[in-house]
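Reader: I would like a close look at one part of this model, beginning with a single residue and the company it keeps, and then following the chain outward from there. Please take it slowly and keep to what can be read from the coordinates.

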Amino acid sequence: MAIANEHYYASKDPLGEEGDFVTAPEISQMFGEIVGIWLADLWLRKGSPDHCHYVELGPGRGTLAQDALRSLAKFGCTPTIHFVETSPVLKAKQALLHPEAIWHDDIGSLPDDGPLLVVANEFFDALPIEQFVATSGGWRRQMVARDRSKFVAVASAEVAEDRIGGSMSGFPDGTILERSPVSVELAGHLANRLAKQGGTLLIIDYGYARPGTGSTLQAVKGHMPISPFDSPGTSDLTAHVDFHTLANIARNRLLSVHGPAEQGQWLKSLGIDQRAEALINATPKQADNIRAAHQRLTHADEMGCLFRVMAATPIDWPEPEGFSYGEA
Ligand code: SAH
């Protein structure tokens with residue numbers, strides 16, 4: 001999955017109607033603006049600390065950063081810009097909008113001299129997962145083998161109980177369990193940084209809030225689901241984000257965790273309805289487009305419920321807005 005996605009993101013810009021998938025910031029400026037307002041509110045209530053850094057993980061075309069930074073600037077917050085990105089194609093697109101940004105291949109080189117305002121929209125779902133399959137002999141790693149001209153999933157010969165963490169028994173044969181060691185390591189590093197430097201981590205993605213079983217690995221090409229084994233490296237491979245584990249990692253570093261909340265509720269509680277109205281009043285000719293974008297971002301049948309929002313902040317930072325109605 002890691003190799004296939006690295007090749008995929010390095011070879012093309014996958015975003016947009018003519019690409020493979022569309023993300024929230026590409027649907028409407030309202031999404032990034034709300035993220036920016038959310039960050040600005042937190043920053044203001046913390047007393048407007050100096051030397052803040054805006055960090056985005058997998059910033060795509062740089063659209064979310066553009067909209068969020070414009071909102072932040074309205075409140076006097078002008079952080080330095082750091083992008084964690086591996087794709088040369090997308091780096092080039094990001095540079096068109098943010099020539100002053102600093103790029104990082106991984107999070108280790110992020111600045112250590114001030115609070116980090118970290119945003120990750122549809123980033124964690126692109127990180128590689130491992131799958132395990134329950135067998136009568138115990139949990140085995142799901143491997144990929146070649147059967148003549150096609151790839152197939154097969155359980156490893158050895159039992160791999162030690163890689164799942166904790167005892168997991170009583171599952172019917174064939175049950176699939178997913179783990180993402182790359183996500184765990186990344187979240188742990190970021191949580192340590194936030195505990196030391198201050199700031200916040202905002203994760204927006206599809207995923208599950210409680211531990212679960214079943215395969216969530218999926219591949220999308222041209223806006224259509226295909227088999228993850230069909231010409232790997234040419235489709236977008238994703239898996240649902242394990243918010244439960246990410247939350248525990250943050251809590252273990254003494255951060256407070258907020259959410260996950262449903263994206264629709266989160267955006268509404270932060271004023272997306274009012275923002276849509278203001279945009280319609282300013283550009284009445286765009287009214288239908290703005291209403292459609294609002295619907296896509298917030299409605300339960302679209303991105304409103306499937307996508308979740310979770311934030312982690314050090315305990316001496318203010319309580320972030322948008323999570324007061326409980327967990328999704
Ligand atoms: N956040 C953007 C793009 C989401 S697509 C948006 O909402 O529009 C996933 C992004 O993560 C792309 O920019 C991709 O190049 C980047 N990415 C994927 N795997 C990565 C990795 N291992 N390290 C850094 N960036 C990665």
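Author: With its neighbours within four places in sequence set aside, leucine 297 is in contact with Ala24, Ile27, Ser28, Phe31, Gln263, Gly264, Leu267, Ile272, Met303 and Gly304. The model is a predicted one, and in it leucine 297 belongs to helix 10, which runs over residues 287-298. Its relative accessible area is 0%, and because buried means under 20%, leucine 297 counts as buried. Aspartate 113, by contrast, lies 184 residues away along the chain, and the two C-alpha atoms are separated by 35 Å.

Among the contacts of leucine 297 are Ala24 and Ile27, the residues that bound helix 2 (24-27), and helix 2 is in turn included in what covers the buried residues of helix 4. The buried residues of helix 4 are Thr63, Leu64, Ala65, Asp67, Ala68, Leu69, Ser71 and Leu72, and the cover over them also includes helix 3 (29-45), strand 1 (53-57), strand 2 (80-84), helix 5 (88-97) and strand 4 (116-121). Helix 4 comprises 12 residues (63-74), so at 1.5 Å a residue it should span 16 Å, and the 17 Å between its end C-alpha atoms agrees with this. Just after the helix, glycine 76 adopts a positive phi of about 85°.

Helix 5, one of the elements covering helix 4, holds glutamine 94, which counts as buried because its relative accessibility is 0%. The side chain of glutamine 94 makes a polar contact of 3.0 Å with the side chain of glutamate 85; beyond its neighbours within four places in sequence, glutamine 94 is also in contact with Pro59, Gly60, Arg61, Gly62, Phe83 and Trp103.

Glutamate 85 leads on to the ligand, which 16 residues surround, the closest being Thr23, Gly58, Gly60, Glu85 and Asn121. An N or O atom in the side chain of glutamate 85 is 2.5 Å from an oxygen atom of the ligand, while for the side chain of asparagine 121 the corresponding separation from a ligand oxygen is 2.7 Å. Glycine 58 takes part through its backbone, where an N or O atom lies 2.7 Å from a nitrogen atom of the ligand. Of the 570 Å² that the ligand exposes when taken alone, the protein buries 90%.

For the wider setting, the domain assignment divides the chain into domain 1 (2-127 + 181-314) and domain 2 (130-179). The C-alpha centres of domain 1 and domain 2 are 31 Å apart, and 11 residues of domain 1 are in contact with 12 residues of domain 2.

A few backbone details remain. Most residues other than glycine have a negative phi, and most peptide bonds are trans. Arginine 148 has a positive phi near 50°; this residue sits in the loop between strand 6 (138-147) and strand 7 (150-159) and, at 71% relative accessibility, counts as exposed. Histidine 223, with a positive phi near 70°, occupies the loop between strand 10 (218-221) and strand 11 (224-226), and its 34% relative accessibility makes it partly exposed. The peptide bond from glycine 259 to proline 260 is cis, with omega near 5°, and proline 260 is part of strand 14 (residues 255-262).

Technical notes. Residues numbered from 1 in each chain as written. Predicted model: local features only at pLDDT ≥ 70, side-chain atom pairs only at ≥ 80, totals over all residues. Heavy atoms only, no water. Helix = DSSP H or I, 4+ residues; strand = E, 2+ residues; numbered from the N terminus. Expected span 1.5 Å × (residues − 1). Buried < 20%, exposed > 50% of the residue type's maximum accessible area, 1.4 Å probe, protein only. Contact = heavy atoms within 4.5 Å. Near = heavy atom within 4 Å. Polar contact = N/O pair within 3.5 Å; in protein donor to acceptor, adjacent residues only side chain to side chain. Areas by Shrake-Rupley, 256 points an atom, 1.4 Å probe, with all protein chains shown as cover. Domains from an automatic or database assignment.
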